[in-house]
Amino acid sequence: KRAASAASSTQPLLPRRGYSSESAPERKVAVLGAAGGIGQPLALLMKLNPLVSSLSLYDIAGTPGVAADVSHINTRSEVAGYMGEDQLGKALEGCDLVIIPAGVPRKPGMTRDDLFNINAGIVKSLSAAIAKYCPNALVNMISNPVNSTVPIAAEVFKKAGTYDEKKLFGVTMLDVVRAKTFYAGKAKVPVEGVNVPVVGGHAGITILPLFSQATPKANLSDEDIKALTKRTQDGGTEVVEAKAGKGSATLSMAYAGAIFADACLKGLNGVPDVVECSFVQSSITELPFFASKVKLGKNGVEEVLDLGPLSDYEKQGLESLLPELKSSIEKGIKFANQG
Ligand code: NAD
Ligand code: LMR
């Protein structure tokens, strides 16, 4: 009994399905923006993931300390810190997966789109470096506004001739994490078994949780569903206001980012039936990018799943979100193609 508990003390905190570190292939994962509010806990969580063999931590400042700290944890991956643009190539070379939480966060009163002016340029230059140094890597885009930064990355990759729509993901997992938590609370069911797809995009009304498809089923009133929908859509703002000027969600985002990255790595490694929601190139609506359930495989997106049956309330939500999402996508495409 004692031996078993000693062994489990070094086991991963993330749920595992079918892999031990001995049998998992080598995988290099980079976090760009690794010294930030999300980057640090995300670096920690990726260090705990036995699917990672090499962890590359890049930022414009502060990475030597974060890397030294995280590197002392007795888990599988080698850790290296890279600081400043001249080390970005080394950070990216050979990567299987690049996670991008680089850029400024919101303050109270701001929308995610208010971050565009600063973050669009950051994402554009990081995407150009990815195209140059690890064109085959999967990319998990966390930097906001996701509805625009994903199209920016796609355009940069297209220009570089490296775009593979199967490999670019906007991370909307935090919306799913929130929807699960809020639904479990309202439905009074254990949160571990809850599933809620969240589709659309990642800002305000473009976030569309599909509570009609939530499992386990619960008899919630229309009022309850409306309140849950609104709370999920405003989840980011709830945190921004509570942090009162000190930024936005970092810990829950790191958790969500680590779960999504883990799903991508499982897909790469050939684990079957890995399905998560993500904002990807899509033809399930008239828009070129859309978040929905996505099956992950050895090349990234294996299949973009359709929306399934929607309630009337969700159909209305879908209609209302399309114009805003369309204009955010177009804004990103336009930005990437100027200059
Ligand atoms: P933060 O300011 O704490 O950290 C950002 C980090 O990015 C900093 O360490 C900074 O040095 C670094 N950085 C800036 N320019 C860079 C560059 N050119 N290359 C590499 N690193 C660079 O911010 P945060 O709270 O970690 O948030 C980061 C981003 O994630 C924000 O845009 C925020 O809106 C977004 N976010 C997205 C979600 C989501 O659900 N997708 C959730 C939360 C936050
Ligand atoms: C979130 O949903 O928490 C993030 O997109 C950060 C924000 O600005 O709300």
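For the residue classes used on this tour, Ala, Val, Leu, Ile, Met, Phe, Trp, Tyr, Cys and Pro count as nonpolar, Asp, Glu, Lys and Arg as charged, and the others, Gly among them, as polar. With that in hand, welcome to the tour; please keep in mind that this is a predicted model.

**The whole protein**

Start with everything in view, drawn as a cartoon. The secondary structure comes to 11 helices and 11 strands. The radius of gyration is 19 Å, close to the 20 Å from the globule rule for 339 residues, so the protein is as compact as a globular protein of that length. Rotate it and you will find that the C-alpha trace spans about 65 × 50 × 40 Å along its principal axes. Buried residues account for 49% of the 339. If you draw a contact map, count the contacts between residues at least 6 apart in sequence: 71% of them join residues at least 24 apart.

**Ligand 1**

Now select ligand 1 and its surroundings. The ligand is surrounded by 32 residues, and the closest are Gly33, Gly36, Gly37, Ala102 and Asn144. By class, this shell divides into 18 nonpolar, 12 polar and two charged residues. Helix H5 (residues 116–133) provides the largest share, three residues.

**Ligand 2**

Move on to ligand 2. Around it, select Pro105, Arg106, Arg112, Asn144, Leu174, His202, Gly235, Gly236, Val239, Val240, Ser248 and Ala249. Here helix H9 (residues 235–243) gives the most, with four residues. The shell has five nonpolar, five polar and two charged residues.

**Asn144 and two cis peptide bonds**

Stay on Asn144 and step along the backbone: a cis peptide bond joins Asn144 to Pro145, with omega about -5 degrees. Pro145 sits in the loop between strand E5 (138–141) and H6. Next, select Thr215 and Pro216, whose peptide bond is also cis, with omega near -5 degrees. Pro216 belongs to the loop between strand E8 (207–209) and helix H8 (222–233).

**H6 against H11**

Select helix H6 (residues 146–160) together with helix H11 (residues 312–337). They pack at an angle of about 40 degrees, and their axes are 7 Å apart. The crossing of H6 and H11 is right-handed. To see the contact, show residues including Ile152 and Val156 of H6 and Leu325, Ile329 and Phe335 of H11. By class, the contact has eight nonpolar, six polar and two charged residues.

**Ile38, then H2 against H10**

Jump to Ile38, in the loop between strand E1 (28–32) and H2. Is Ile38 buried or exposed? Ile38 is buried, because 30 other C-beta atoms lie within 10 Å and 20 or more are enough to count. Beyond its neighbours within four places in sequence, Ile38 is in contact with Pro101, Ile142, Thr250, Met253, Ala254 and Gly257.

Ala254 and Gly257 also appear in the next stop, helix H2 (residues 39–47) against helix H10 (residues 251–268). The angle is about 35 degrees and the axes are 8 Å apart. This crossing, too, is right-handed. On the H2 side, select Pro41, Leu42, Leu45 and Met46. The contact residues divide into nine nonpolar, one polar and no charged.

**Two positive phi angles**

Finish with a backbone check. Lys188 is not a glycine, yet it has a positive phi of about 55 degrees. Look for Lys188 in the loop between helix H7 (173–187) and strand E7 (198–200); Lys188 is exposed, with 7 other C-beta atoms within 10 Å. Ala244 has a positive phi of about 50 degrees and lies in the loop between H9 and H10. With 9 C-beta neighbours inside 10 Å, Ala244 counts as exposed.

How values were computed: Residues are numbered from 1 along each chain as its sequence is written. Chains are lettered from A and ligands numbered from 1 in the order in which they are written. This is a predicted model: local features need pLDDT of at least 70, side-chain atom pairs count only at pLDDT 80 or more; totals for chains, interfaces and linings use all residues. Axes are lines fitted to C-alpha atoms, for helices over the stretch in contact, and angles run from 0 to 180 degrees between N-to-C directions. A crossing is left-handed if the near helix is turned anticlockwise from the far one by less than a right angle, and right-handed if clockwise. Two residues are in contact if their C-beta atoms, placed from the backbone, lie within 7 Å. A residue is near a molecule or strand if its C-beta atom, placed from the backbone, lies within 6 Å of it. A residue is buried if 20 or more other C-beta atoms lie within 10 Å of its own, exposed if 12 or fewer, and partly exposed in between; C-beta atoms are placed from the backbone. The radius of gyration is taken over C-alpha atoms; the globule rule is 2.2 Å times the number of residues to the power 0.38.
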